[in-house]
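Got the viewer open? Let's walk through this one stop by stop, selecting as we go.

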2 protein chains.
Amino acid sequence: MTATVDFYFDFSSPYGYFAADRIEPLAAKHGRTVTWRPVLLGAIFKVSGGQPLPSIPLKGPYSLRDIPRSAAYYGLPYRQPTRFPVATLSAVRAYYWAEARDPARAVSLAKAILSGYFQRDCDISDAKAIVAIGEECGFEAAAMEAGIADPEVKERVKRETDAAIARGVFGSPYLIIDGEPFWGMDRFDQADRWLETGGW
Amino acid sequence: MTATVDFYFDFSSPYGYFAADRIEPLAAKHGRTVTWRPVLLGAIFKVSGGQPLPSIPLKGPYSLRDIPRSAAYYGLPYRQPTRFPVATLSAVRAYYWAEARDPARAVSLAKAILSGYFQRDCDISDAKAIVAIGEECGFEAAAMEAGIADPEVKERVKRETDAAIARGVFGSPYLIIDGEPFWGMDRFDQADRWLETGGW
């Protein structure tokens, strides 16, 4: 059994988008697989007291410089979404619905939602936009639409978010590797060393 | 005239301590000098709504793992101070008093205060401890003691903190290079590239 890298992120998080591009190569380098875990940062912030970046004094204006600069640094296309951040409940539900059917294709869906939001300015708060992205990934539109509204899927999303909080997740991206937490795209270097050495 | 790297930090900030070890080589690599600007993060937090790390739910416990792990990653000795964070008013006053007399030696004082706190568990909130560190750096004890209590020095510290807020500084470490802000030890890579390329 391969130990996994647990990868928590919010679909509305630019740093989560950057991390989604790097997480599979990082894990593969060390013979690990990735468990993708989209969460609702808004629900987590109710516990942690966190706030969406743009609304924080001083840090908000800074983030609007840091995000595009970081995208350039990582060599990733980035377009500031018109609405930012947005509610990602439909996106997260679609992900867990898809994961139960086809985990590999669910990862493609997650990446497509992130690039839709951060490259093409799709309104990913809209379930219709998510279903359209799902179709491009090979999911049947009517089935995904029903999945997003399914009470069992809703319950699953709630459980995943609660579990993330219980594990201490408070931001995006957030990795847990053999119990060790790494917050932020800027901790990928430390995660890499941890995976290499098995600790510190 | 050499353009400077403006280096803002709080004496009670572990990440500021890490950055203080790396800032001079980073600037020198690009033919720059460093302007050391200790500030009072507590005063800044009143404007930014920030909080000391240990008191933040989820993020606080995380930071107690991230700090020693980061120290090991950067190859720096680190000992978690018994009291953390502490008030650094005396330390900051001593710095600006010293800077007006001997800027190079003031930098040595800043480094010695940081290593005193993060390596030897000195109580740097105590003016007596600061004066003792100052003596080791070649400053006359009675003169520094008077300097820490000098209303002009107090006013200078207030001006520097207000100026930092006006420039958007909200954390430690925080670099400003030709007007571009970089928050965090983990943005030194981006600052390095910025200095190399003159932008992005």
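Before the first click, a contact here means heavy atoms within 4.5 Å. This is a predicted model, where local features need pLDDT of at least 70, side-chain atom pairs count only at pLDDT 80 or more, and totals for chains, interfaces and linings use all residues. Residues are numbered from 1 along each chain as its sequence is written, chains are lettered from A and ligands numbered from 1 in the order in which they are written, and side-chain values use heavy atoms, leaving out hydrogens and water.

Start by selecting B:Ser48, in helix H2 (residues 41-48) of chain B; helices are DSSP runs of H or I, at least four residues, numbered from the N terminus. B:Ser48 is buried, at 7% relative accessible area (buried is under 20%, with a 1.4 Å probe and protein chains only). Leaving aside neighbours within four places in sequence, B:Ser48 touches A:Ile56, A:Pro57, A:Leu58 and B:Phe170.

Next, show both chains. Chain A lays on chain B with an RMSD of 0.0 Å after a turn of 180° and a shift of 0.0 Å along the axis, so the copies are related as by a two-fold rotation axis. The superposition is by least squares on C-alpha atoms of residues with pLDDT of at least 70 in both. Which residue of chain A comes closest to the rotation axis? Pick A:Asp186: its C-alpha is at 3.0 Å.

Since 100% of chain A's interface residues are also interface residues in chain B, the copies meet through the same surface.

Technical notes:
Helices (H or I, at least four residues) and strands (E, at least two) are DSSP runs, numbered from the N terminus. Buried means under 20% relative accessible area, exposed over 50%, partly exposed in between (1.4 Å probe, protein chains only).
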